[in-house]
Amino acid sequence: MKSLYPCLWFDGQAKAAAEYYCSIFPNSKITSENPMVVRFELNGFQFMGLNGGSQYQFSAANSYVVECETQQEIDHYWEKLGTNGTYNQCGWLDDPFGVSWQIIPSILEKLMADPEKAPRVVQAFMQMSKFDIETLMNA
């Protein structure tokens, strides 16, 4: 296999979406485009945007996880991806194009692996929209 990457189906907005995402993620660029397809990289990961029409819509059943080391990173991606979109519970948001994202702290996996701490962490993040690392660490 040469490569594996997602194809995002847009209703005529593939280039606008690619430009939007490339403005948010570091080390990102549009690598090729034609009227039907825009290929782009977000922090080195390949994506394809397809101008496929209105028959399919995005849903939270398919989301993209952005694992963040710091609260500053969480704040950045939360604000940039969620502006003109929809903020949801537990670090989930839908961007202005309808794509679902999970903005999570990288420490979450470690916190959830501790059987004593995990229930308190879950209780804490169920009350959150945007994750707060300090609150999770102190749960």
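**Exercise 1. Which residue in strand 3 is the bridge partner of Lys29?**

Keep in mind that we are working with a predicted model here.

Step 1. Find the two strands: strand 2 covers residues 29–33, and strand 3 covers 37–42.

Step 2. Look at how they pair. Strand 2 and strand 3 run antiparallel, and 4 bridges join them.

Step 3. Read off the partner: Lys29 is bridged to Glu41 in strand 3.

Step 4. Check the connection. Just 3 residues lie between strand 2 and strand 3, and the two strands form a hairpin.

**Exercise 2. Work out the order of the strands in the sheet that holds strand 1, and find its edges.**

Step 1. Put the strands in order. This open sheet has 4 strands, in the order 1-4-3-2, and its pairing is mixed.

Step 2. Spot the edges. Strand 1 (7–10) and strand 2 each have a single partner strand, so one side of each has no neighbour in the sheet.

Step 3. Add the twist: going from one strand to the next, the average is 25°.

Step 4. Check one pairing in detail. Strand 1 and strand 4 (residues 45–51) run parallel, with 4 bridges between them. One residue to look for is Cys7, whose bridge partner in strand 4 is Met48.

**Exercise 3. Which strands does helix 1 touch, and which of the helix's residues are buried?**

Step 1. Locate the helix. Helix 1 spans residues 14–24 and packs on the sheet, where it touches strand 1, strand 2, strand 3 and strand 4.

Step 2. Compare directions: helix 1 makes an angle of about 10° with strand 3.

Step 3. List the buried residues. In helix 1 they are Ala14, Ala17, Ala18, Tyr20, Tyr21, Cys22 and Ile24.

Step 4. Think about the spacing. An α-helix has 3.6 residues a turn, so residues three or four places apart point the same way. Now go back to the list of buried residues and try that on Ala14, Ala17 and Ala18.

Step 5. See what they pack against. Besides strand 1, strand 2, strand 3 and strand 4, the buried residues of helix 1 pack against helix 2 and strand 8.

**Exercise 4. Now do the same for the sheet that holds strand 5.**

Step 1. Order the strands. Here 4 strands make an open sheet in the order 5-8-7-6, and the pairing is mixed.

Step 2. Find the edges. Strand 5 (63–68) and strand 6 (86–87) have a single partner strand each, so one side of each is left without a neighbour in the sheet.

Step 3. Zoom in on one pair. Strand 7 (residues 92–94) and strand 8 (residues 100–105) are antiparallel and share 3 bridges. Leu93, for instance, has Trp101 in strand 8 as its bridge partner.

Step 4. Add the helix. Helix 2 (residues 71–82) lies across strand 5, strand 6, strand 7 and strand 8, and runs at about 165° to strand 8.

**Exercise 5. Asn27 and Cys90: buried or exposed?**

Step 1. Start with the backbone. Asn27 has a phi near 50°, which is positive even though the residue is not glycine. Cys90, also not a glycine, has a positive phi of about 60°.

Step 2. Place them. Asn27 sits in the loop between helix 1 and strand 2, and Cys90 in the loop between strand 6 and strand 7.

Step 3. Apply the cut-offs: under 20% relative accessible area is buried, and over 50% is exposed.

Step 4. Decide. At 62%, Asn27 is exposed, whereas Cys90, at 13%, is buried.

**Exercise 6. What does Phe47 touch?**

Step 1. Find Phe47: it lies in strand 4.

Step 2. Check its exposure. Phe47 has a relative accessible area of 9%, so it counts as buried.

Step 3. List the contacts. Leaving out residues up to four places away in sequence, Phe47 touches Tyr5, Pro6, Leu8, Val38, Arg39, Phe40, Leu42 and Tyr64.

Step 4. Try a distance. Phe47 and Ser3 are 44 residues apart along the chain, and 11 Å separates their C-alpha atoms.

**Exercise 7. How many helices and strands does the chain have?**

Step 1. Count them: there are 5 helices and 8 strands.

Step 2. Write them in order from the N terminus: β-α-β-β-β-β-α-β-β-β-α-α-α.

Step 3. Zoom out. The chain has 139 residues, and 40% of them count as buried. Along the principal axes, the C-alpha atoms fill a box of roughly 55 × 30 × 30 Å.

Technical notes
Residues are numbered from 1 along each chain as its sequence is written. This is a predicted model: local features need pLDDT of at least 70, side-chain atom pairs count only at pLDDT 80 or more; totals for chains, interfaces and linings use all residues. Side-chain values use heavy atoms; hydrogens and water are left out. Two strands pair if DSSP finds at least two bridges between them. Axes are lines fitted to C-alpha atoms, for helices over the stretch in contact, and angles run from 0 to 180 degrees between N-to-C directions. Contact means heavy atoms within 4.5 Å. Buried means under 20% relative accessible area, exposed over 50%, partly exposed in between (1.4 Å probe, protein chains only).
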